[in-house]
Amino acid sequence: MKRSFFILSLLLLMACSKSDTDSLRYEQEVHLKNIKQLTFGGDNAEAYWSYDNTKLVFQSNNPAWGTECDQIYYMDAEEQEPGFEAPIISTGLGRTTCSYFLPDETIVYGSTHLADISCPEVPERGPGGAYVWPIYEGYDIFRANLDGEIIDTLTTTPGYDAEATVSPDGSKIVFTSMRTGDLELFIMDVDGSNVTQITDELGYDGGAFFSPDGKQLIFRASRPKTDEEIEKYTSLLAEGLVEPTDMELFIVNVDGTGMKQITNLGNANWAPYFHPSGEKIIFSSNHNSTRGFPFNLFMINPDGTGLEQITFDDTFDSFPMFSHDGKKLVFSSNRNNGGTRATNIFIADWVH
């Protein structure tokens with residue numbers, strides 16, 4: 001009897017330990033294990049790995065950290081405790097977006113602080129209550145060190161310049177710009193020189209990342225075709241807005257050739273990122289939704305085949321990035337937020 005009781009107790013303890021280990025993971029999330037929460041409260045998103053996989057740079061609007069709108073922070077890529085405060089990299093002025101590590105652990109990010117030190121106004125929803133993104137014309141791209149010192153101002157042209165990410169060898173930066181009158185992709189050297197336009201088709205081209213071999217870009221794009229769609233897109237853009245509710249994923253060579261659309265799922269497909277093997281692309285999508293949510297992570301082959309769902313949250317999972325060794329995944333999620341609107345950053349071991 002005592003032996004049976006001991007075995008039963010041991011089994012219950014093992015079950016509880018497994019439950020604790022996997023408490024942030026849904027049962028269907030077979031590619032993830034040991035999920036850990038890194039931020040607690042506010043809006044935290046777009047966390048990207050340092051080249052040595054030890055740090056994460058991200059944007060946050062956390063009232064507990066004294067922010068009024070998104071600023072850039074970094075933290076060690078390990079489990080944090082509630083109440084910690086990450087070191088700030090950006091100036092604390094204006095609004096920031098889309099930060100990314102270079103190999104030397106300097107950071108590139110977009111900021112409006114030169115145009116206005118105040119937080120720019122968040123736009124109201126568009127016609128019919130449609131969700132819209134602001135394209136603030138004050139955005140430029142800066143390079144800073146981890147102490148927050150701005151080393152270089154990489155763009156100075158009028159209009160939106162943001163969404164910068166860095167090539168695997170650290171020599172090139174891809175970004176989105178309004179300098180031609182539409183939201184197109186450009187590539188420049190890390191010092192801001194040798195700017196080359198990559199895309200030129202009407203629509204929003206953004207959120208681009210290099211392939212692991214540095215030869216291609218994966219990005220999100222809207223492609224208005226009908227007169228009504230074109231009128232809607234151009235009129236919103238004239239107001240500094242885009243409606244990101246109809247986007248698909250595209251791949252293009254870094255010289256602008258070989259453009260191909262790899263999803264045709266409907267709704268919003270975005271935040272794509274290559275697995276370091278180059279054989280898979282992870283992204284966020286609400287294509288299964290009829291009400292805008294949930295967003296979950298999916299994986300697809302570069303030729304558009306083999307669609308597989310990765311996360312199964314009931315609200316929002318997005319901004320995935322693999323560590324450079326492919327062993328971990330970082331992403332942003334509304335899970336475990338106690339029913340609030342908080343979006344937090346999580347890391348998980350990746351299971352092939």
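Biologist: Which exposed residues are carried by the face of α2 turned away from its buried side?

Modeller: Those are Asp227, Glu228, Glu231 and Ala238. Keep in mind that we are looking at a predicted model. A residue is called exposed when its relative accessible area is over 50%.

Biologist: And what about the other side: which residues of α2 are buried?

Modeller: Tyr233, Leu236 and Leu237 are the buried ones. To earn that word, a residue must have a relative accessible area under 20%. Part of what covers these buried residues is β16, residues 241–242.

Biologist: How do you know that the buried residues of α2 line one face of the helix?

Modeller: Look down the axis of α2: its buried residues fall within an arc of 100°, so they line one face. There is a general rule in the background, too. An α-helix has 3.6 residues a turn, so residues three or four places apart point the same way.

Biologist: What makes the reach of α2 close to the expected one?

Modeller: Helix α2 runs over residues 227–238, which is 12 residues. The expected span is 1.5 Å times one less than the number of residues, and for α2 that gives 16 Å. From the first C-alpha to the last, the helix reaches 16 Å, so value and expectation agree closely.

Biologist: What is special about the phi of Gly240, which follows α2?

Modeller: The phi of Gly240 is positive, near 75°. Two asparagines also have a positive phi although they are not glycines: Asn34, at about 55°, and Asn267, at about 60°.

Biologist: Where do Asn34 and Asn267 lie?

Modeller: Asn34 is in strand β1, residues 32–37. Asn267 sits in the loop between β18 (260–261) and β19 (269–274).

Biologist: Why is Asn34 called partly exposed?

Modeller: Its relative accessible area is 28%. Buried would need a value under 20% and exposed a value over 50%, so Asn34 falls in between and is partly exposed. Asn267, with 29%, is partly exposed for the same kind of reason, because its value also lies between the two cut-offs.

Biologist: Why does Phe283 count as buried?

Modeller: Phe283, in strand β20 (residues 281–285), has a relative accessibility of 0%. That is under 20%, so Phe283 is buried. Its C-alpha is separated by 29 Å from the C-alpha of Glu121, a residue 162 places away along the chain.

Biologist: Tyr160 lies in a loop between β9 (150–153) and β10 (161–166). Why is Tyr160 called buried?

Modeller: Go by the value: Tyr160 has a relative accessible area of 6%. With the cut-off at 20%, this makes it buried. Beyond neighbours within four places in sequence, Tyr160 is in contact with Ile135, Tyr136, Glu137, Tyr139, Thr176, Ser177, Met178 and Leu183.

Biologist: What makes Gly207 a buried residue?

Modeller: Gly207 has 11% relative accessibility, and 11% is under the 20% cut-off, so the word fits. You will find Gly207 in strand β14, residues 205–210. Leaving out residues up to four places away in sequence, Gly207 touches Glu163, Thr176, Ile218, Phe219, Arg220 and Pro272. Phe319 is 112 residues from Gly207 in sequence, with 9.9 Å between their C-alpha atoms.

Biologist: How do you know that Ile347 is in contact with Asn34?

Modeller: Contact means that heavy atoms lie within 4.5 Å, and Asn34 is among the residues that Ile347 contacts beyond four places in sequence. Others include Ile35, Trp49 and Val330. Ile347 belongs to strand β25, residues 344–350. At 4% relative accessibility it counts as buried, because that is under 20%.

Biologist: Back to α2: what does α2 give to the second largest pocket?

Modeller: With four residues, α2 gives the most to the lining. Strand β17 (248–253) also supplies at least two. The pocket has a volume of about 480 Å³. Of its 21 lining residues, the closest to the centre are Ser222, Arg223, Pro224, Glu229 and Asp246.

Biologist: How many residues of that lining are nonpolar, polar and charged?

Modeller: Nine are nonpolar, five polar and seven charged. For instance, Arg223, Glu229 and Asp246 are in the lining, and Arg, Glu and Asp count as charged.

Conventions:
Residues numbered from 1 in each chain as written. Predicted model: local features only at pLDDT ≥ 70, side-chain atom pairs only at ≥ 80, totals over all residues. Heavy atoms only, no water. Buried < 20%, exposed > 50% of the residue type's maximum accessible area, 1.4 Å probe, protein only. Arc of directions from axis to C-beta. 1 Å grid on protein atoms, 1.4 Å probe; cavity = no way out; pocket = protein on both sides within 12 Å on 5 of 7 lines; lining within 4 Å. Points joined across faces, edges and corners; volume = space filled by probe spheres on them.
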